[in-house]
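Biologist: Please take one part of this model and look at it closely for me. Then work outward from there, in short sentences.

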Amino acid sequence: MDLSELIAQTLLLDIETTRSGKIRHIGAVYNGSLFEEIKGAGSKKTLDKLDHFAQSATYILGHNLLGHDFPILNITAPWLQLLKKPVIDTLYLSPLAFPQNPYHRLVKDYKLIRTALNSPVEDAKIAASVFVDQWQSFRSIAEHDPARIDFYRFCFQDSVFNGFSGTGH
């Protein structure tokens with residue numbers, strides 16, 4: 001599968017929460033369509049609409065999905081089918097793709113002032129952009145050090161992070 005095919009089958013997702021862990025804003029992108037909800041973002045109705053939006057996606061991609069978004073979604077809406085889809089988490093891939101760069105937060109050019117609220121739709125798109133860079137890095141590594149890619153594959157096969165599998169659960 002090439003990168004464009006993979007992205008075409010992937011839901012880009014980000015959720016924003018309150019300090020207490022309640023969902024306050026959801027953003028997702030799939031095949032050029034946007035899903036965004038602020039008012040009632042954590043309601044069953046909204047989460048069911050998100051699940052329907054994600055229905056035909058094969059993969060879910062985001063930054064820190066396994067450590068943040070999926071645990072929150074699992075607590076709030078454990079029935080979601082999207083929680084069973086394979087995950088591409090750019091946070092976990094960053095140190096492998098770019099070991100020389102210890103900084104693995106999303107760089108948000110759209111956010112000009114520190115107090116501006118995050119945009120989950122923009123963050124989901126940025127995560128996809130980061131993944132494109134990671135993909136290219138892994139291709140380069142595979143050309144020069146294929147054993148390292150095999151090692152990464154071995155290490156992550158059947159991995160589980162915070163109760164979530166990178167290949168569905």
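Modeller: We begin with the chain as a whole, then take one helix and move on to other parts.

This is a predicted model, in which local features need pLDDT of at least 70 and side-chain atom pairs count only at pLDDT 80 or more, while totals for chains, interfaces and linings use all residues. Residues are numbered from 1 along each chain as its sequence is written, and side-chain values use heavy atoms, with hydrogens and water left out.

The chain has six helices and seven strands. Both are DSSP runs, numbered from the N terminus: helices are H or I with at least four residues, strands are E with at least two. From the N terminus on, the order is α-β-β-β-α-β-α-β-α-α-α-β-β. Of the 169 residues in the chain, 43% are buried. Buried means under 20% relative accessible area, exposed means over 50%, and partly exposed lies in between (1.4 Å probe, protein chains only). Now take contacts, meaning heavy atoms within 4.5 Å. Among those between residues at least 6 apart in sequence, 61% join residues at least 24 apart.

Now the close look: helix 2, residues 44-54. Its buried residues are Thr46, Leu47, Leu50, Asp51, Phe53 and Ala54. They cover an arc of only 160° around the axis, so they sit on the same side of helix 2. That arc is taken from the directions from the helix axis to the C-beta atoms. On the other side, Lys44, Lys45 and His52 are exposed. What covers the buried residues? The cover includes strand 1 (10-17), strand 2 (23-30), strand 3 (33-37) and helix 3 (65-76).

Two residues show this cover in detail. Isoleucine 23 is in strand 2. It counts as buried, at 10% relative accessibility. Leaving aside neighbours within four places in sequence, isoleucine 23 touches Ile15, Glu16, Thr17, Ala41, Gly42, Leu47, Ile72, Leu73 and Thr76. Leu47 is one of the buried residues of helix 2. Isoleucine 23 and threonine 76 are 53 residues apart in sequence, but 8.4 Å apart in space, C-alpha to C-alpha.

Serine 33 is in strand 3. It is partly exposed, with a relative accessible area of 37%. Leaving aside neighbours within four places in sequence, serine 33 is in contact with Ala28 and Phe53. Serine 33 and phenylalanine 53 are 20 residues apart in sequence and 9.1 Å apart in space, C-alpha to C-alpha.

Go back to exposed Lys44. Lysine 44 lies over the face of tryptophan 79, at 4.9 Å from the ring centre. A charge sits over a ring if NZ of Lys or CZ of Arg is within 6 Å of the ring centre and within 35 degrees of the ring normal.

Next, two loops. Most residues other than glycine have a negative phi. Asparagine 31, in the loop between strand 2 and strand 3, has a positive phi of about 50°. Asparagine 64 has a positive phi of about 70°. Its loop runs between strand 4 (59-62) and helix 3. Asparagine 64 is partly exposed, at 24% relative accessible area.

Further along, helix 4 (residues 90-97) and helix 5 have axes that come within 10 Å and cross at roughly 35°. Axes are lines fitted to C-alpha atoms, for helices over the stretch in contact, and angles run from 0 to 180 degrees between N-to-C directions. Thr90, Leu93, Ser94, Leu96 and Ala97 in helix 4 meet residues of helix 5, including Ala127, Val130, Phe131 and Phe138. Threonine 90 is buried, at 0% relative accessibility. Leaving aside neighbours within four places in sequence, its contacts include Leu61, Gly62 and His63, and also Phe131.

The whole structure holds three aromatic pairs. Rings of Phe, Tyr and Trp (its six-membered ring) pair if their centres lie within 6.5 Å; planes under 30 degrees apart count as stacked, over 60 as edge-to-face and the rest as tilted. Phenylalanine 131 and tryptophan 135 form an edge-to-face pair, 6.0 Å centre to centre, with 65° between the planes. Both lie in helix 5 (residues 120-144), four residues apart, about one turn of the helix. Phenylalanine 138 and tyrosine 152 have ring centres 6.2 Å apart and planes at 75°, so this pair is edge-to-face. Phenylalanine 138 lies in helix 5 and tyrosine 152 in helix 6 (residues 146-156), so the pair ties together parts 14 residues apart in sequence. Both phenylalanine 138 and tyrosine 152 are buried.
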